[in-house]
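Colleague: I have a new model open on my screen and would like to learn how to read it. Could you walk me through some of its features?

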Amino acid sequence: MSRTALRICPLCEATCGLTLTVEGTRVTGARGDRDDVFSKGFICPKGASFGAVDGDPDRLRTPLVRRDGELREATWAEAFDAVAAGVRGVVERYGANSVGVVLGNPNVHTMAGALYPPVLLAGLGTRSVFTASTVDQMPKHVSSGLLYGDANAIPVPDLDHTDHLLLLGANPLESNGSLCTAPDFPGKLKALKARGGTLTVVDPRRTRTAKLADRHIAIRPGTDALLLAAMAQVLFEEDLVDTGELAPHLQGLAELREAVRDFTPEAVAAACDVDASLTRTLARELAAAPTAAVYGRIGSCTVPHGTLASWLVDVLNILTGNLDRPGGALFPQAATDRTPRPAGPSHGFALGRWHSRVGRHPEAKGELPLSALAEEIDTATAEGEPIRALIAVAANPVLSAPDGDRLDKALGSLDFMVSVDPYLNETSRHAHVVLPPPPPSQSPHHDFAFNTLAVRNQVRYTRPAVPLEPGRMAETEILARLVLAATGMHGADPSAVDDLVIGQTLGKAVKETHSPVHGRDPRELAALLKGDTGPERRLDMMLRLGPYGDGFGVRPDGLSLTELLAHPHGIDLGPLTSRLPQPLKTRSGKVELLPRPIADDLPRLREALRHRADGLVLIGRRHLRSNNSWMHNVPALTGGTNRCTLHIHPEDADGLGLVDGQRVGIKGAGGAVTAPVEITDTVRRGVVSLPHGWGHDRPGTRMRHAAQDPGVNVNQLLDGTLLDPLSGNAVLNGVPVELIASP
């Protein structure tokens, strides 16, 4: 007998609601949930393939422990015994910083990944923290921290109401959106055009999104910050600046005007390959639109001036009065956000509170650059111990970080490594212990991170669609036990981790005068929490303390887990609204338009006006049916356009004597790879494109389908030395490469 079950899709940032068809314990189908309050039935090829992803036969079912040099199946008790001995042994001998932690992108797609890594990091006390953020969106966190005092205060475009949308380095028709959670992003862009709005796309490739645009500007890769600075200069020069109701919340407007004075459209034209008259038109149209939003994503982040570009995206929204107003760029309000505090000056945001041991890279948002992980393992210095043990949670940095060959060797030299991963992949194959989480159908789901980036305020929660199979362990329990084993509490009940967090959170809340539970007994409050599991009790606590919560009875009509469970398709909390100055946590209590780190980095941007790399430069690209490296093992999501080929413009191919399908060597500062040529005019001249997440050809992995068409690791072309200095983000786009035709 088949049945249906609801599940929020965890396979990309769109967070669409799914209706699963389940036969026994197997998911046999997936369709969009038409009653979902957010996605309203939308589904993409990844969501439609949920059952194939969930039932991949190569998913590990039991823990693996290395014995006599080989990974062998073990019991959960044996696995956690090995973790406790391995991690604690390194901590006690070499100190906490000798244990590195790497957190991969899938952590933000699971409840476990949101709830437990912060507890792990706090318990370990290590500063050797690396995440996928520094090969992705860290520049946006840093620019938001500097502007607003909060690295997680990221405004998103009000897609449903804007009249004018300018996209840079974003391809949401393939990615489904990023740092902008929006089911059916394609439909929202089409609706924008249908209501008479304007869509402009700035991208070196004529992507699917660019094809939909009213205007596509094929900018030279890596020069987004120059174009944006020139647009800001035009707004000042032509007296088009109109901050409107933002004016009382701004600091540094005059200083900003002076800072961008040199970046005229004429000055940046040659570097960007954008005619000065077009740049002026872009600025004028942005200023003239009734409402407008500028949105930049990974293509504008993973470049030498990623933080400056991210800052300038918000600067343009501010100068045109479009920040924090409907139809512009707004700050979402998630149901699990902390209780809103009164507006006013706060602690601000600081960079470089500590530095990496080898390269002296400054910390950003508590993290060190993922590009520096290999050197932190394989290089000895007089300043502390190298990383000798590594905890990798849902991370495959051998493929996602620059110079995977060096990192691959470094991982093999570790004293101990534990990997939480469903696959034996290019990274987890080095682990001494592998802890496999169950398939997503067997896990609960709530989007803690993505609801803070959603284009409409809403809240949804789905319990596991399928019960845990015998021998499996819930991902939340795996990570709770990992916390205990790594922090010297091995053997304690995993519920102790949740109880600790609940006690600490409520203990702090009752002391805050703006909290709805101020002055109450935290033990009494803890006893009121509902939920079948520790994670559910924590979700209930966050909902009740949050901006829409019942305040533990203070607001009877407010949110709680009980209320959320009564609405299986979610609860709509309404459109985004103006929220300033409440989200600001700067020391001034205002939007600080020209923070000192930004001002200090602008001379480097001026230098870019005088230097332009000759020859070909490399960019990445997105695939609709893929999400980084781990979906290539699902047959339904490979083939077709989802291939690891080198896109090159016909004129560049002709100049090099290349023909379609020919294999060509691609050489960069970090190494060389060989890939088949795909000649296409969708990429501009002087630019070649190779997708991220491939390179499934290393021995010792167990991803059989991926290995049949392994592709090549584009990040091997990088040596890890190119970083955005403010954020530590790897420069993955606009890097020079050389092509060598195969004989």
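**Reading the model, feature by feature**

Modeller: Let's begin with an enclosed space. The lining of the second largest cavity divides into seven nonpolar, two polar and three charged residues. Keep in mind that this is a predicted model.

Colleague: How much space lies in the second largest cavity, and which residues line it?

Modeller: About 90 Å³ of space lies there. Its lining consists of Lys140, Ile154, Pro155, Leu179, Val294, Tyr295, Gly296, Arg297, Val313, Asp314, Asn317 and Ala329. Strand E13 (293–296) and helix H15 (306–319) are the elements that give two or more residues to this lining.

Colleague: How many cavities of 30 Å³ or more are there?

Modeller: The count comes to six cavities of that volume or more.

Colleague: And pockets? What should I look at in the second largest pocket?

Modeller: Start with its lining: 22 residues, of which Gly222, Pro304, His305, His611 and Gly734 lie nearest the centre of the pocket. Helix H24 (596–608) and strand E26 (735–736) are the elements that give two or more residues to that lining. H24 provides the largest share, three residues. By class, the pocket lining has 13 nonpolar, five polar and four charged residues. The space in this pocket is about 460 Å³.

Colleague: At the bench I always ask about cysteines. How many disulfides does the structure hold?

Modeller: The general idea is that a disulfide is a covalent bond between the sulfur atoms of two cysteines. This structure holds zero disulfides. Take cysteine 180: the closest cysteine sulfur, in cysteine 12, is 12 Å from its own sulfur, so the two are too far apart for a bond.

Colleague: Is cysteine 180 buried or exposed?

Modeller: Residues under 20% relative accessible area are taken as buried. Cysteine 180 has 0% relative accessibility and therefore counts as buried. Cysteine 644 is at 9%, so it counts as buried too.

Colleague: Can we read a helix next? How far does helix H22 reach?

Modeller: Compare the span with the expected one. H22 covers residues 534–545, twelve in number, and reaches 17 Å from its first C-alpha to its last, close to the 16 Å expected at 1.5 Å a residue. Ten of those twelve residues are buried, so H22 is largely enclosed by the rest of the structure. Among the buried ones are charged side chains you may want to look up: Glu536, Arg538, Asp540 and Arg544.

Colleague: What is found at the start of H22?

Modeller: There, a side-chain oxygen of threonine 533 comes to within 3.2 Å of the backbone nitrogen of glutamate 536.

Colleague: What about the backbone? Which residues have a positive phi although they are not glycine?

Modeller: Two to look at are aspartate 184, with a phi of about 60°, and aspartate 324, with a phi of about 65°. Aspartate 184 lies in the loop between helix H7 (172–175) and helix H8 (185–194), and aspartate 324 in the loop between H15 and strand E14 (329–330). Aspartate 184 is partly exposed, with a relative accessible area of 27%, whereas aspartate 324 is buried, at 8%.

Colleague: And where is proline 581 found?

Modeller: Proline 581 sits in the loop between strand E19 (571–575) and strand E20 (591–592). The peptide bond leading from leucine 580 to proline 581 is cis, with omega near 10°.

Terms used:
Residues are numbered from 1 along each chain as its sequence is written. This is a predicted model: local features need pLDDT of at least 70, side-chain atom pairs count only at pLDDT 80 or more; totals for chains, interfaces and linings use all residues. Side-chain values use heavy atoms; hydrogens and water are left out. A disulfide is a pair of cysteine sulfur atoms within 2.5 Å. Buried means under 20% relative accessible area, exposed over 50%, partly exposed in between (1.4 Å probe, protein chains only). On a 1 Å grid over the protein atoms alone, a cavity is a set of points where a 1.4 Å probe fits but cannot get out, and a pocket is an open set with protein on both sides within 12 Å along at least five of seven lines; lining residues have an atom within 4 Å of a point. Grid points are joined across faces, edges and corners, and a volume is the space filled by probe spheres set on the points. Helices (H or I, at least four residues) and strands (E, at least two) are DSSP runs, numbered from the N terminus. The expected span of a helix is 1.5 Å times one less than its number of residues. A polar contact is a pair of N or O atoms within 3.5 Å; within protein, one must be able to donate a hydrogen and the other to accept it, and residues adjacent in sequence count only if both atoms are side-chain atoms.
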